[in-house]
Amino acid sequence: MAVATLRSVLRCEILLPLFETCRLRDLLCFSSSVDAAAAVCGTASPDPHFMVEYLVNSCGFSPSEAAKFSKPLAHLRSTEKPDAVVNFMRSQGFDGAGIRKVISLRPIYLCCNVEKNLAPKFQFLRDLGLSESDIVDAILKNNAILRHDLHRSFVPKLEVWESLLGSRELVFKHLKKTGWFFFSSVEKTLHPNLKFLRDECGIPEERLSLVLRGRPQLMSQKPESLRALVARVEELGMPRQSRMFIWTLKVFHKVSKERFEAKVELMRSFGWSESEFSSAARKGPTFLAMSLDTSAEEGHSSVSCDGDVEIERIVDSTIQVCMDSLFVRYQIHGEVCSPSQRKCS
């Protein structure tokens, strides 16, 4: 028994210092982790009212809007960069509403370096001949201009779209209206779509350009979406070799499958057969985009090629014939229409 007691005492004397050493090490590690976490949190979470107050007082946001848009700016420790950005935008013609719109779309713009990032882009646009108001309009519609690299992204895309539309003026005309088409990937979207329409569908670039001038979004959709659109046009019985194929493609890009089916059902209710409907759509594809309750959609692309002008004339003529036939069927169904009421709807 004495031997067992001795062994127990020796074990405690050996293990206790080891246990204390391990415990001390664990405490030190835990303390270091807490300190590190506190340091990170301290950097990422400044006073929550700091940028909220700035956005309210300097930019005119409401308190609730400021609370929302300040979250990506929590790392800022001063108003130096936001002040520089806001003052620069004011100097470039942005009013308060315009500045708020840009910030609301991407609050992190307030962290931009004015001299390295913003000023060169505005200067580049001025050098292209855009006025101050043109630049403001383009950026309000395409805030991505501010975040894309000028030489690696913006300039290559500008060159591609200038080639597709035929002029730089047309590119900027569309940029001031809508911008989501412009920043599609050149390698993944624009080049594959161009190759598909030109090489597989046999559409000459000149004719393609005429259509894109009115609807550049046709080219900027995903390649798989464009192929699906081509398949829809072919289901109508329109061969790819037809001069009307690209115009029909343009219309189908605006007309969803649901809207197309609704138009088929409507015309069927007036006695049209499926073949009559398909024939009318092939001869005058813009017929598909018409509403029966309102005047025909405006905005036929202005063209300079005599052949395509003739196509537009034939299309309009065919549409009028189709709608005259429709109104005759209206009359058969008991509705009386005066000649003045017989307009494209």
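In which helix is Asn193 found? Good morning, colleagues. Asn193 belongs to helix α11, and I shall return to this residue once the overall picture is in place. Please keep in mind throughout that we are looking at a predicted model.

Let me begin with the chain as a whole. Its secondary structure comprises 18 helices and zero strands. The protein chain has 345 residues, of which 40% are buried. Turning to the surface, the chain exposes about 19300 Å², and carbon and sulfur atoms supply 55% of that area. As for contacts within the chain, take those with a sequence separation of 6 or more: 71% of them join residues 24 or more positions apart.

I now come to the packing of the helices. Two packed helices are described by the angle between their axes and the distance between the axes. I shall use that description for three pairs.

The first pair on my list brings us back to helix α11, which spans residues 186-200, and its partner is helix α14, residues 223-235. Their axes come within 9 Å and cross at roughly 25 degrees. An angle under 35 degrees counts as roughly parallel, and α11 and α14 are therefore roughly parallel to each other. The crossing of α11 past α14 is right-handed. Which residues of α11 and α14 meet? From α11 we have Lys188, Thr189, Pro192, Asn193, Phe196, Leu197 and Glu200, and from α14 we have Pro223, Leu226, Arg227 and Val230. Sorted by class, this contact of α11 with α14 holds six nonpolar, two polar and three charged residues.

Asn193, with which I opened, is thus one of the α11 residues that meet α14. Is Asn193 buried or exposed? Its relative accessibility is 1%, so Asn193 counts as buried. Setting aside neighbours within four places in sequence, Asn193 is in contact with Met219, Gln221, Lys222, Pro223 and Leu226.

One of those partners, Gln221, deserves a closer look. Gln221 sits in the loop between α13 and α14. With a relative accessibility of 11%, Gln221 counts as buried, because the cut-off is under 20%. Residues up to four places away in sequence are again not counted, and Gln221 then touches Thr189, Asn193, Leu226, Leu229 and His253. Gln221 and Phe181 are 40 residues apart along the chain, while their C-alpha atoms are separated by 7.9 Å.

Phe181 also appears beside another glutamine, Gln217. Gln217 lies in helix α13, residues 217-220. Its relative accessibility is 12%, and Gln217 therefore counts as buried. Beyond its neighbours within four places in sequence, Gln217 is in contact with Thr178, Trp180, Phe181 and His253. His253 is thus a partner of Gln217, and it is touched by Gln221 as well.

The next pair is helix α12, residues 205-214, with helix α15, residues 245-254. Here the axes are 10 Å apart and the angle is about 20 degrees. The two helices, α12 and α15, are therefore roughly parallel to each other. Their crossing is right-handed. In this contact Arg207, Leu208, Val211 and Gly214 of α12 meet Ile246, Trp247 and Lys250 of α15. The residues divide into four nonpolar, one polar and two charged.

The remaining pair is helix α4, residues 80-91, with helix α6, residues 114-127. Their axes come within 11 Å and cross at roughly 15 degrees. That angle makes α4 roughly parallel to α6. The handedness of the α4 and α6 crossing is right-handed. Helix α4 contributes Ala84, Val85 and Phe88, and helix α6 contributes Val114, Leu118, Ala119 and Phe122. How many of the residues in the contact of α4 with α6 are nonpolar, polar and charged? Seven are nonpolar, none is polar and none is charged.

My last residue is Phe94, placed in the loop between α4 and α5. At 4% relative accessibility, Phe94 counts as buried. Not counting residues up to four places away in sequence, Phe94 touches Met89, Ile99, Val102, Phe122, Val136, Ile139 and Leu140. Of these, Phe122 is also one of the α6 residues in the contact with α4. Leu140 is 46 residues from Phe94 in sequence, and their C-alpha atoms are 9.4 Å apart in space.

That concludes the presentation. Thank you for your attention.

Conventions. Residues are numbered from 1 along each chain as its sequence is written. This is a predicted model: local features need pLDDT of at least 70, side-chain atom pairs count only at pLDDT 80 or more; totals for chains, interfaces and linings use all residues. Side-chain values use heavy atoms; hydrogens and water are left out. Axes are lines fitted to C-alpha atoms, for helices over the stretch in contact, and angles run from 0 to 180 degrees between N-to-C directions. Helices (H or I, at least four residues) and strands (E, at least two) are DSSP runs, numbered from the N terminus. Angles under 35 degrees count as roughly parallel, over 145 as roughly antiparallel, 65 to 115 as roughly perpendicular and the rest as oblique. A crossing is left-handed if the near helix is turned anticlockwise from the far one by less than a right angle, and right-handed if clockwise. Contact means heavy atoms within 4.5 Å. Ala, Val, Leu, Ile, Met, Phe, Trp, Tyr, Cys and Pro count as nonpolar, Asp, Glu, Lys and Arg as charged, and the others, Gly among them, as polar. Buried means under 20% relative accessible area, exposed over 50%, partly exposed in between (1.4 Å probe, protein chains only). Accessible areas come from the Shrake-Rupley method with a 1.4 Å probe; for residues, only the protein chains shown count as cover.
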